[in-house]
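Dear colleague,

Please find the structure below, handed over for your records. My notes on helix packing come after it.

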Amino acid sequence: MIIQILSTMPMMVCGMLSALLALSLYDHWDKPKLRLLTFMLTATLLYLGHYVFFNHATEAIPLTDTIYCFCNLAVYPLYLMYIEELTQSCPNRSRQNLYMVPSVVCTIVVGVLYILMDGQEKAQFVCLHLYQNKVSSLPGLAWWQAVVHLTAKTVFALQIPPVLIKGFRHIQKYNQLVDNYYSNTEGKRIYRIKTLLTLFAVTSVMSFAFNVIGREEFIGPSWLLAVPVIVFSLLLLLIGHVGLSQQFSVKDVDADAIEDDVPPIPNSELTERIRKAVIDERLFLQPNLKISDLATQLNTNRNYIYNAINGEMGTNFSDFINQQRIDYACTLMEEHPD
């Protein structure tokens, strides 16, 4: 009974989060959330495979193991695609399709081998390899199936570093973009997803360790299974929570870009005009000031202002505006200490 509850938990978490994401998409279409929904549905199928495995539903294993092989190699690329959708104006679709090649190839090979294997070979593969992690004693196609599964484990491990590195880089570039164009970055920067990606990195190490150890080692005392189940369930809850609450993406940054065809202004001259508008005219008091608002007031475009602030002033728009607000607040406190 405890094993059934534990093996069901991650699948139920993913299923509920998928439903919430689907409802959110019904209310407001959002491409990043669609990517996250795809990730959650894939994770749901992944943990369905775990449920079947840990509850010894061996008759269903040829089907669920084939699905599991796809999902196991697809979840990390799908999460990277979600991050790219949040942070890149035009994600490279061809490259994203390549992310999915290992999972598709593995699934086809595993599925075909299951079809070609006779009943005895399937039973031996399930019993000896999936539940006992043995390879050498397997006959014929069962041996090749074990080799494919071991190869999939290696590919899974090789996926983790590039996904984490690319994810961190995309988020860092996106946050810099937000800092360059907005004074109020709350709800726009991807703070929590960056923290989540760090947790994701830690969990990736755990995933790799559990993958190397093998699921079969967690069959036995229920507390052994409880450790990965609780860890992954909590992580998935965090991913879903962050994804549902993240309402801003690079598409919103692009939507704010109204670039008029205006002649360039020398950076030194534009810097003086920026200081006059922001400091002397106290434009920094406007709560949600954007670089495009300043561009409209100065009859130029935001790229020229960005170049002037970053090049001449050595800062970004967010820090520049918020420093004026801090200085003004300090002045008010000095003048009105009560």
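The notes below concern two helix pairs.

This is a predicted model, in which local features need pLDDT of at least 70, side-chain atom pairs count only at pLDDT 80 or more, and totals for chains, interfaces and linings use all residues. Residues are numbered from 1 along each chain as its sequence is written, and side-chain values use heavy atoms, with hydrogens and water left out.

Helices are DSSP runs of H or I with at least four residues, numbered from the N terminus. Axes are lines fitted to C-alpha atoms over the stretch in contact, and angles run from 0 to 180 degrees between N-to-C directions.

The first pair is helix 3 (residues 61-87) and helix 5 (residues 101-116), whose axes come within 8 Å and cross at roughly 165 degrees. Helix 3 is therefore roughly antiparallel to helix 5 (an angle over 145 degrees). In contact (heavy atoms within 4.5 Å) are residues including Ile61, Pro62 and Phe70 of helix 3 and Val104, Val110 and Tyr114 of helix 5. By class, the contact of helix 3 with helix 5 has 11 nonpolar, four polar and one charged residues (Ala, Val, Leu, Ile, Met, Phe, Trp, Tyr, Cys and Pro count as nonpolar, Asp, Glu, Lys and Arg as charged, and the others, Gly among them, as polar).

The second pair is helix 11 (residues 267-280) and helix 14 (residues 317-335), packed at an angle of about 40 degrees with axes 11 Å apart. Helix 11 is therefore oblique to helix 14 (oblique covers angles outside under 35, over 145 and 65 to 115 degrees). Ile274, Arg275, Val278 and Ile279 of helix 11 meet Phe320, Ile321 and Gln324 of helix 14. These residues divide into five nonpolar, one polar and one charged.

Yours faithfully

Technical notes: Helices (H or I, at least four residues) and strands (E, at least two) are DSSP runs, numbered from the N terminus.
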